[in-house]
Amino acid sequence: MVFDLLLKLLTILNMINNSIESLKSPFKEKVKAFLIHVKVLNLTNVKPFETLRSIDRQKDLYAIWRTTQLWHKPVTWTMESFHLQWLAVDLCFYDSNNQPHWEWDYKTLIEICKLYWIRSLSPTETCHFEDNPFTPLQTVITNVSSLWSKCNITDKLSLHDINDKLRKMK
Ligand SMILES: [Zn+2]
C-alpha cells in the first residue's frame, strides 16, 4: 500500500522518532512500566512506532485525506497532538519479519494502560496512547510494585528505577 511505503520512507529518512527516552516525565516512566507489563503478558511483539513528532510531520499527517492522498483515511484528527508535546506513543504489533500490523487486537493493551493512567484513544486512533495529566502517582507506584513479582531480574531493576523516579516527582 502507498501509505505503508510512505511510512517506510519516513522511517528510513529518520523522520519518525520511536524513542521512549525522548518522552516527558512522568509519562516516560508510566510508558516504561506499561511496556514491561505488556511483556509479562507475553505480548513481546508490541513496540513503540512513534513517540515525539515534529510540527512538520504533524502537518504532513494532518494533510492526508484533507489535501493530499485523498483515497486514504485520515491519520490524525488534530493539529494539537500530544505527540508534539512528547506525551504520546503509538504502539504497533510486529510479525516475525518485523512488519507492522495496525489491525491486530489492541484490547489487552487498552485494558492494561489504565493501570498506569495512560489514555487510549480507541476507537478513533486505536494504536495511540497518551498521558493523563491528572495522574495519582501513588496509585501508579502501587501498580508498578505489584508487577515486580512477575518479572525477571532485568525488568525488576527497571521497575525499581521507575518507582524511584516517580516517588521523587510526587
Ligand atoms: Zn498517536
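These questions and answers walk through a predicted model, from its core to its strands and loops.

Trainee: Which helix gives the largest share of the largest nonpolar core?
Mentor: That core holds 28 residues. Several elements supply at least two residues each, among them β2 (88–94), β5 (125–131) and α6 (153–169). The largest share is 6 residues, and the helix supplying it is α2.

Trainee: Which residues touch the most other members of that core?
Mentor: Start with α2, which spans 27–40. Its buried residues include Val 31, Ala 33 and Phe 34. Those three are on the list of residues touching the most other members, and the rest of the list is Cys 113, Tyr 116 and Ile 118.

Trainee: What does Tyr 116 touch, leaving out residues up to four places away in sequence?
Mentor: Tyr 116 is one of the core residues that touch the most other members. Look towards α2 and α5, which both supply at least two residues of the core. With close sequence neighbours left out, the residues touched by Tyr 116 are Lys 30, Ala 33, Phe 34, Val 140 and Asn 143.

Trainee: How many residues of α2 are buried?
Mentor: The buried stretch includes Phe 27 and His 37. These buried residues pack against β2, α4, β4 (118–121), β5, α5 and α6. The helix is mostly covered, and of its 14 residues the buried ones number 11.

Trainee: What distance does α2 reach from its first C-alpha to its last?
Mentor: α2 has 14 residues. At 1.5 Å a residue, the expected value is 20 Å. The model comes close to that, with a reach of 20 Å.

Trainee: Which residue with a positive phi follows α2?
Mentor: Look just past the helix, which ends at residue 40. The phi there is near 70°. The residue is Asn 42.

Trainee: Which residues form the covered face of β4, and which the uncovered one?
Mentor: In a regular strand, side chains alternate between the two faces of the sheet. In β4, Ile 118 and Ser 120 make up the covered face. The uncovered face is Arg 119 and Leu 121.

Trainee: Which residue of β5 stands opposite Ile 118?
Mentor: β4 and β5 pair in the antiparallel sense over 4 bridges. They form a hairpin with 3 residues between them. Opposite Ile 118 stands Asp 131.

Trainee: Is Pro 123 buried or exposed?
Mentor: Pro 123 lies in the loop between β4 and β5. A residue with 12 or fewer C-beta neighbours within 10 Å is exposed. Pro 123 has 8 inside 10 Å, so it counts as exposed.

Trainee: Where does Ser 146 lie, and is Ser 146 buried or exposed?
Mentor: Ser 146 lies in helix α5. From Cys 127 it is 26 Å away, C-alpha to C-alpha. With 10 C-beta neighbours inside 10 Å, Ser 146 counts as exposed.

Trainee: Which residues stand opposite Asp 90?
Mentor: Asp 90 is in β2. β2 pairs antiparallel with β1 (residues 46–50) over 4 bridges. 3 bridges also join β2 to β5, again antiparallel. In β1 the residue opposite Asp 90 is Glu 50, and in β5 it is His 128.

Trainee: Which residue in the turn between β2 and β3 has a positive phi?
Mentor: 2 bridges join β2 to β3 (residues 100–101), which run antiparallel. Phe 93 stands opposite His 101 there. The hairpin has 5 residues between its strands, and the residue with a positive phi, about 65°, is Asn 98.

Key:
Residues numbered from 1 in each chain as written. Predicted model: local features only at pLDDT ≥ 70, side-chain atom pairs only at ≥ 80, totals over all residues. Core = buried A, V, L, I, M, F, W, Y, C linked by C-beta atoms within 7 Å. Buried ≥ 20, exposed ≤ 12 C-beta atoms within 10 Å, placed from the backbone. Contact = placed C-beta atoms within 7 Å. Expected span 1.5 Å × (residues − 1). Pairing = 2+ DSSP bridges.
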